[in-house]
Amino acid sequence: MIRPIVKYGEALLHRRAEAVYNVTAEIAALARDMVETMYAAPGIGLAAPQVGVPIRLIVIDLSLGRDSSGLITLLNPEFVEREGMQLEEEGCLSVPGFNATVARPGRATIRGIDLEGHDRIYSGEGLLARAFQHELDHLDGRVFVDRLRGIKRDLIVRRIRKQIRTGQW
Ligand code: NI
């Protein structure tokens with residue numbers, strides 16, 4: 001089931017999400033829905049708060065569903081290692097219509113548990129490292145706009161607020 005995506009400005013997106021201690025049938029269904037929602041968007045990553053559920057669950061698939069081995073579903077993900085830095089243009093399904101260049105780690109390793117409760121560890125560089133940081137940020141209530149500074153950030157926030165005010169968001 002495709003779920004509606006929560007947008008910038010909704011409180012739930014700007015709050016820290018809760019850890020998951022039991023992989024219930026409800027959480028497994030949520031993970032499936034998140035994958036479906038991500039592919040439909042289309043996007044390469046999605047965090048549970050983006051579909052209105054404030055728990056620490058992310059899905060990532062750089063292949064957009066073309067390669068089934070590319071799908072990562074992780075609960076309670078955390079960084080094991082982050083190194084280097086990359087500057088690339090980035091967007092977010094919760095901030096439609098806006099992009100900005102964001103500094104992210106060049107390489108990253110994360111660990112968490114999968115839907116069967118097994119420990120999983122993933123390493124990535126480039127776009128994958130960027131996706132790790134972007135999605136983990138969501139779990140801490142942070143969107144890419146929050147990683148910007150000064151005029152760049154103010155400009156995007158002002159434009160979003162205007163769209164919210166005029167009912168276009
Ligand atoms: Ni995002």
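**Exercise 1.** Which residues of H3 are buried?

*Solution.* Before we start: this is a predicted model, where local features need pLDDT of at least 70, side-chain atom pairs count only at pLDDT 80 or more, and totals for chains, interfaces and linings use all residues. Residues are numbered from 1 along each chain as its sequence is written, and side-chain values use heavy atoms, leaving out hydrogens and water.

Step 1: find helix H3 at residues 150-165; helices (H or I, at least four residues) and strands (E, at least two) are DSSP runs, numbered from the N terminus.

Step 2: look for buried residues (under 20% relative accessible area, with exposed over 50% and partly exposed in between; 1.4 Å probe, protein chains only). They are Ile156, Val157 and Ile160.

Step 3: these residues are on the same side of H3, because they cover an arc of only 95° around the axis (the arc of directions from the helix axis to the C-beta atoms).

**Exercise 2.** Find what lies on the other side of H3, and what covers its buried residues.

*Solution.* Step 1: on the other side, Ile151, Arg158, Arg161, Lys162 and Arg165 are exposed.

Step 2: the cover over the buried residues of H3 includes strand E5 (100-104).

**Exercise 3.** Place Ile160 in the largest nonpolar core.

*Solution.* Step 1: a nonpolar core is a set of buried Ala, Val, Leu, Ile, Met, Phe, Trp, Tyr and Cys residues joined through side-chain atoms within 4.5 Å.

Step 2: the largest one has 16 residues, and Ile160 is among those that touch the most other members. H3 gives the largest share, three residues.

Step 3: not counting residues up to four places away in sequence, isoleucine 160 touches Tyr8, Val95, Phe98 and Trp169 (contact means heavy atoms within 4.5 Å).
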